[in-house]
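Got the viewer open? Let's walk through this one a selection at a time, from the whole chain down to a few side chains.

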Amino acid sequence: TLFPSAEMENARQRHAGEYISIPELGTYYVGFDADRPPFDACPVRQAFVLAADRETLVDVIGEGWAFPATGGFVPRGMPGHSAGIGLPFHPQQARELLADAGYPDGRGFPTVDAWVPSGPLSSLAAEYLQAQWRENLGVDIVWQAMEDESYVDTLRSGTPHLWLTGWVADFFDPDNFLRVGFPWKQTGWRNEAYEGLIHEAGRVMDQGERVRLYQEADRILVQEAAIMPLAYGRCHLLVKPWVRRWPISMTRFWFWKDVIIDPH
């Protein structure tokens with residue numbers, strides 16, 4: 001269960017000696033429908049990314065519930081993660097790109113559909129992004145909240161212009177994000193150089209070369225703003241002193257079969 005950040009902070013303070021946090025191999029992001037206007041234009045997507053301060057969203061507004069996604073789609077802790085390659089927070093450049101695309105100060109920008117799953121953290125992120133885009137671009141995005149149970153199925157059946165979602169690793173390899181986890185169908189984004197790198201990485205046996213190819217692909221993905229990475233996952237636990245061998249692996253944090261609970 002994802003609790004509001006204020007509740008998590010309260011738990012951290014009340015149980016400081018029992019609180020443990022470990023990275024989770026997941027990336028939470030905004031998807032763009034690159035198959036239709038206005039997000040079929042790369043400068044428009046880039047403007048939306050440049051206009052949002054993700055570090056403030058995660059570290060200040062979200063009180064550290066995750067890690068700011070200032071790198072690529074591949075998360076922290078995963079081979080192939082590239083720190084700092086994401087588009088930076090740059091409102092002036094964002095306004096210039098949007099103006100060059102035909103929407104100076106947001107004028108003439110069409111009404112778009114934007115979906116977000118229900119929940120306190122999703123709502124917090126959506127409200128913050130709405131405020132950032134209104135302030136820095138002059139564009140008002142109205143999010144439609146949907147129940148978690150039906151959200152993924154709804155995305156599969158039809159894609160809005162914008163949506164908030166995430167991907168958590170199935171296995172410990174960048175291929176799980178850049179090939180398996182990338183939302184090809186929903187975004188409609190295609191790039192021959194990106195696809196060539198992913199194909200080549202799948203054929204190379206040398207791990208160092210594979211990682212290099214995936215990193216090149218990840219850089220293309222975030223520079224073209226195919227998606228907008230927001231945050232890298234973080235798992236929050238309260239562990240009592242009598243609990244031993246609790247799972248700390250980034251890919252096995254739900255595996256509880258080896259946990260030992262001492263008499264207490």
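Start by colouring the chain by burial: buried residues make up 47% of the 264 residues. Keep in mind that this is a predicted model. Switch to cartoon and you get 10 helices and eight strands. The C-alpha trace spans about 70 × 45 × 35 Å along its principal axes. The radius of gyration is 19 Å, which agrees with the value near 18 Å for a compact globule of 264 residues. If you draw the contacts with a separation of 6 or more, 75% of them join residues 24 or more positions apart. Put a surface on and there is about 12,800 Å² accessible, 52% of it belonging to carbon and sulfur atoms.

Next, select S6, residues 227-238. Nine of its 12 residues are buried, so the rest of the structure largely encloses this strand. Which strands pair with S6? S1 does so in the antiparallel sense, over 10 bridges, and S2 (residues 67-68) is antiparallel to S6 too, over two bridges. To find your way along these pairings, label Val30, which stands opposite Met228, and Phe67, whose bridge partner in S6 is Tyr232.

Stay on Met228 and show what surrounds it. Leaving out residues up to four places away in sequence, Met228 touches Tyr28, Tyr29, Val30, Phe32, Phe48, Val49, Ala52, Arg54, Leu129 and Trp133.

That leads into the largest nonpolar core, which has 41 residues. Show Phe48, Phe109, Trp133, Leu137, Ile141, Trp143 and Met228 as sticks: these have the most contacts inside that core. Elements that each supply at least two of the core residues include S1 (19-32), H2 (42-50), H3 (54-61), H4 (91-100) and S5 (162-168). Which helix gives the most? H5, with eight residues. Then look for a second, separate core of 28 residues; Leu25, Leu178, Leu197 and Leu213 are among them.

Last stop: select 114-146. Here S3 (residues 114-117) and S4 (residues 143-146) pair in the parallel sense over four bridges, with Pro117 opposite Met146. Add H5 (residues 120-137) to the view, and S3, H5 and S4 make a right-handed β-α-β unit. So where have you met this helix before? H5 is the one that gives the most to the 41-residue core.

How values were computed:
Residues numbered from 1 in each chain as written. Predicted model: local features only at pLDDT ≥ 70, side-chain atom pairs only at ≥ 80, totals over all residues. Heavy atoms only, no water. Pairing = 2+ DSSP bridges. Right-handed = clockwise from strand over helix to strand, strands pointing away. Rg over C-alpha atoms; globule rule 2.2 N^0.38 Å. Buried < 20%, exposed > 50% of the residue type's maximum accessible area, 1.4 Å probe, protein only. Contact = heavy atoms within 4.5 Å. Areas by Shrake-Rupley, 256 points an atom, 1.4 Å probe, with all protein chains shown as cover. Core = buried A, V, L, I, M, F, W, Y, C linked by side-chain atoms within 4.5 Å.
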